[in-house]
Number of protein chains: 4
Amino acid sequence: MEKRRLTSRGQERKRQLMAFAARRFAENGYHPTSVAEIVSGLGVGKGVFYWYFSSKEELFLEILRDAQHDLRRRQDDAIGEEPDPVRRIELGLRASMAWFAEHRDLVNLFQFAAAEERFAPALRRGQEVAVADATRHVKEAIAEGRIRDGDADATRHVKEAIAEGRIRDGDPELLTHALLGVSTYLAARFIHERGENPDEVAEAAVAFCLHGLLGR
Amino acid sequence: MEKRRLTSRGQERKRQLMAFAARRFAENGYHPTSVAEIVSGLGVGKGVFYWYFSSKEELFLEILRDAQHDLRRRQDDAIGEEPDPVRRIELGLRASMAWFAEHRDLVNLFQFAAAEERFAPALRRGQEVAVADATRHVKEAIAEGRIRDGDADATRHVKEAIAEGRIRDGDPELLTHALLGVSTYLAARFIHERGENPDEVAEAAVAFCLHGLLGR
Amino acid sequence: MEKRRLTSRGQERKRQLMAFAARRFAENGYHPTSVAEIVSGLGVGKGVFYWYFSSKEELFLEILRDAQHDLRRRQDDAIGEEPDPVRRIELGLRASMAWFAEHRDLVNLFQFAAAEERFAPALRRGQEVAVADATRHVKEAIAEGRIRDGDADATRHVKEAIAEGRIRDGDPELLTHALLGVSTYLAARFIHERGENPDEVAEAAVAFCLHGLLGR
Amino acid sequence: MEKRRLTSRGQERKRQLMAFAARRFAENGYHPTSVAEIVSGLGVGKGVFYWYFSSKEELFLEILRDAQHDLRRRQDDAIGEEPDPVRRIELGLRASMAWFAEHRDLVNLFQFAAAEERFAPALRRGQEVAVADATRHVKEAIAEGRIRDGDADATRHVKEAIAEGRIRDGDPELLTHALLGVSTYLAARFIHERGENPDEVAEAAVAFCLHGLLGR
DNA sequence: GATGAATGAGTCTTCATTCAT
DNA sequence: CATGAATGAAGACTCATTCAT
């Protein structure tokens with residue numbers, strides 16, 4: 001689809017379509033939500049839809065792109081010029097959870113995209129930048145000796161594993177994904193499902209991510 | 001659907017259908033996989049499907065139930081009679097990740113179910129028991145003073161939060177879900193997507209969950 | 001289907017199948033009622049059905065035949081040796097309505113058969129004998145001068161029609177069918193639908209059939 | 001189904017679908033006639049059907065409604081401002097039979113609807129108005145002493161019944177239904193099945209309804 | 001006689017997409 | 001830009017019937 005030059009009214013229409021579709025996709029699922037439902041929800045004809053999007057799939061992809069872009073901006077804004085890498089990680093985590101709290105629908109869409117072969121690559125592509133950014137902070141923290149190298153305080157079991165080289169403790173990318181797992185999971189379970197206070201949950205997530213179960 | 005009395009041949013057929021469907025659902029998605037595809041994949045007539053399942057949805061639910069049951073059994077077996085609650089948590093975590101490693105399809109199905117309003121409740125219901133079990137171990141560990149109560153080693157920010165009561169550090173159920181988030185996420189990203197060694201990833205997950213980013 | 005020689009147990013089974021099917025056909029319709037529903041309602045396997053009937057259609061036809069035969073027997077019994085043809089008509093009418101009252105399901109089946117091209121011929125064939133019998137009584141009554149020849153008491157309009165030969169007043173077969181129409185219709189509306197007293201309705205039907213709206 | 005705003009072309013399509021379907025339903029039965037058959041009979045795609053009707057059932061119901069409405073209009077037109085209630089009844093009867101003669105298909109549909117639990121309520125609801133109208137004329141005629149009160153000219157049997165209060169002779173609504181029974185039945189048997197002259201049959205029906213078998 | 005299993009054509013319905021106006 | 005109309009392949013599901021055991 002050649003990029004259309006849209007009037008401001010056109011841009012508004014497109015925004016409406018994406019917002020409405022995102023909600024329906026999240027509530028009802030991507031497949032079960034029909035184009036007919038989307039356009040009739042906005043009280044417009046089918047032609048409108050295909051004026052702005054070449055297909056339902058493209059609509060989804062565009063929602064995904066926008067959401068990922070928005071999340072990244074939120075993280076960047078939160079981190080600002082903070083010099084301490086650990087603090088940067090913490091700020092990023094909090095910013096992410098705040099965004100998750102506000103965009104339940106989009107989080108659900110991420111989850112759907114991850115589960116569907118057809119959309120998973122796009123999701124991953126979009127996350128790569130964000131993950132790379134976060135990984136940079138983790139690496140820096142490791143370099144500064146702020147993050148454990150897997151040596152101290154380990155259980156016997158873990159120590160053996162490190163000794164035998166079976167462990168990848170300290171792998172920056174893996175740590176980044178662990179952060180992602182904790183934050184998305186806790187947001188979904190506690191903020192979205194149970195409606196708990198986002199700040200509280202964020203605090204708990206930060207604490208867990210920094211000190212784990214055992215703390216020191 | 002009234003429970004059918006199945007001959008052993010019938011049970012075998014049912015198993016076949018569930019296994020094949022699980023694979024297709026995971027590879028291709030639930031909605032994009034048609035009943036026609038499932039039966040023709042097994043080389044049987046369409047009626048066979050509806051002899052064993054009252055609907056495609058019911059088939060999915062049954063796969064889900066079975067999978068959750070199997071995972072729980074694996075966890076229980078791994079934990080055995082271990083007296084140390086922290087060790088029990090670790091064993092459960094490892095068992096889960098091993099199961100995740102072996103059942104990529106089913107993990108994907110869990111993810112899909114979580115994203116789809118229609119299946120999420122069933123997924124949650126099935127997880128409740130497992131979560132309750134794990135939470136028991138966490139509680140015991142807290143009682144024994146093995147798990148931090150959020151007091152020591154916290155960043156200034158976190159300490160303030162605790163002081164102001166804005167934080168729920170130490171909430172056993174939340175910690176359980178954090179474990180779940182880390183394990184499912186790392187399994188999906190590193191074991192399934194990148195084909196890394198499940199044991200290594202499990203070790204890293206354990207280390208992260210016990211000590212967090214900062215270790216001590 | 002070659003006539004099977006049935007054991008007494010077999011005859012009982014067949015009766016059960018026919019009775020159950022008749023009820024379901026009447027309540028739910030012929031097409032919407034499946035063979036599976038019939039056999040499972042009796043707690044038997046599908047083989048049983050096809051042991052006694054070569055097809056669902058044949059089952060329906062057999063129910064129809066039996067019902068018509070039973071109705072005719074009831075009429076014959078009621079009329080007995082009564083010499084007065086008008087009285088015979090009246091007795092037949094009452095007997096029919098009593099039977100209708102008792103066999104709501106079968107009346108409904110007659111109605112369905114009449115509406116369905118596929119079964120209408122069988123229905124008509126079965127009714128022919130009964131209609132012929134009734135018509136005989138009507139003819140006799142006309143011959144005896146007991147039934148009007150369309151001359152007297154007619155409205156001006158009707159008189160003209162008779163004069164111009166446009167009217168078939170006194171056509172015995174038509175009169176018979178008029179009786180049928182009144183009795184089946186009143187039974188359905190008042191006895192079955194509204195649960196009114198069959199005797200009362202029968203009396204009213206007789207009165208209407210003998211004297212019409214205007215009486216004398 | 002939300003009411004669609006139809007263009008004149010759309011209205012024409014809908015009319016076509018209803019007319020064609022009515023014919024096939026009548027000839028072949030409601031259940032045996034598939035949506036596929038209907039649309040292919042008009043040479044259009046399957047989607048067209050569901051653009052105009054939300055289901056096959058709704059199509060049937062709409063045909064039914066239209067037919068009942070048309071019949072009622074015909075009756076009303078025929079009766080006009082006629083002051084004599086008996087004459088009004090006669091005119092209504094004739095109008096009905098003329099309509100029946102012209103709309104064999106729709107009469108068959110009425111019959112089918114009456115036999116099928118699923119459609120019977122809709123049929124009844126539609127008939128209520130017509131029956132109420134006719135009943136009004138009958139009541140008026142009784143009030144004017146034009147219709148017998150069940151006293152005179154009865155057989156001994158009937159007289160006893162009246163005396164004992166077992167009879168409802170003169171019940172206006174019952175009489176109305178008797179008229180309906182006669183007219184629909186004679187139309188189906190003589191006009192549709194045997195192709196006889198509608199006027200002749202109507203005359204006979206009128207004669208029977210006014211004077212019954214015995215005349216005066 | 002009877003059962004569970006299987007068949008597969010056929011049913012109603014949906015839906016992404018296209019197009020004339 | 002926008003609409004109502006149309007397409008037709010595809011989907012979930014049904015069901016009369018058959019058959020091996």
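Axes are lines fitted to C-alpha atoms, for helices over the stretch in contact, and angles run from 0 to 180 degrees between N-to-C directions. Helices (H or I, at least four residues) and strands (E, at least two) are DSSP runs, numbered from the N terminus.

This is a predicted model, in which local features need pLDDT of at least 70 and side-chain atom pairs count only at pLDDT 80 or more, while totals for chains, interfaces and linings use all residues. Residues are numbered from 1 along each chain as its sequence is written, and chains are lettered from A and ligands numbered from 1 in the order in which they are written.

**Chain A**

Chain A has 10 helices and 0 strands. A residue is buried if 20 or more other C-beta atoms, placed from the backbone, lie within 10 Å of its own, exposed if 12 or fewer, and partly exposed in between. Chain A has 216 residues, and 43% of them count as buried. Two residues are in contact if their C-beta atoms, placed from the backbone, lie within 7 Å. Among contacts in chain A between residues at least 6 apart in sequence, 63% link residues at least 24 apart.

**Helix packing**

In chain B, the axes of helix α9 (residues 172–193) and helix α10 (residues 198–211) come within 10 Å and cross at roughly 150°. Angles under 35 degrees count as roughly parallel, over 145 as roughly antiparallel, 65 to 115 as roughly perpendicular and the rest as oblique. α9(B) and α10(B) are therefore roughly antiparallel to each other. Their crossing is right-handed; a crossing is left-handed if the near helix is turned anticlockwise from the far one by less than a right angle, and right-handed if clockwise. On the α9(B) side the contact includes B:L179, B:V182 and B:L186, and on the α10(B) side it includes B:V201, B:A205 and B:F208. Ala, Val, Leu, Ile, Met, Phe, Trp, Tyr, Cys and Pro count as nonpolar, Asp, Glu, Lys and Arg as charged, and the others, Gly among them, as polar. By class, this contact has 10 nonpolar, 1 polar and no charged residues.

B:V201 lies in helix α10 of chain B. B:V201 is buried, with 24 other C-beta atoms within 10 Å. Leaving out residues up to four places away in sequence, B:V201 touches B:M97, B:L186, B:F190, B:I191 and B:E196.

Helix α9 (residues 172–193) of chain A packs against α9(B) at an angle of about 130°, with the axes 7 Å apart. α9(A) and α9(B) are therefore oblique to each other, and the crossing is right-handed. Residues that meet there include A:L174, A:H177 and A:Y185 of α9(A) and B:L174, B:H177 and B:Y185 of α9(B). This contact divides into 14 nonpolar, 6 polar and 2 charged residues.

**DNA strands**

A residue is near a strand if its C-beta atom, placed from the backbone, lies within 6 Å of it.

| DNA strand | Residues around the strand | Closest residues |
|---|---|---|
| Strand E | 41 residues | B:G10, B:G47, C:G10, C:G45 and C:G47 |
| Strand F | 41 residues | A:G10, A:G45, A:G47, D:G10 and D:G47 |

Among the elements giving two or more residues to the surface near strand E are α1 (8–28) and α3 of chain B. The surface near strand E divides into 15 nonpolar, 14 polar and 12 charged residues. For strand F, such elements include α1 (8–28) and α3 (46–52) of chain A. The surface near strand F has 15 nonpolar, 14 polar and 12 charged residues.
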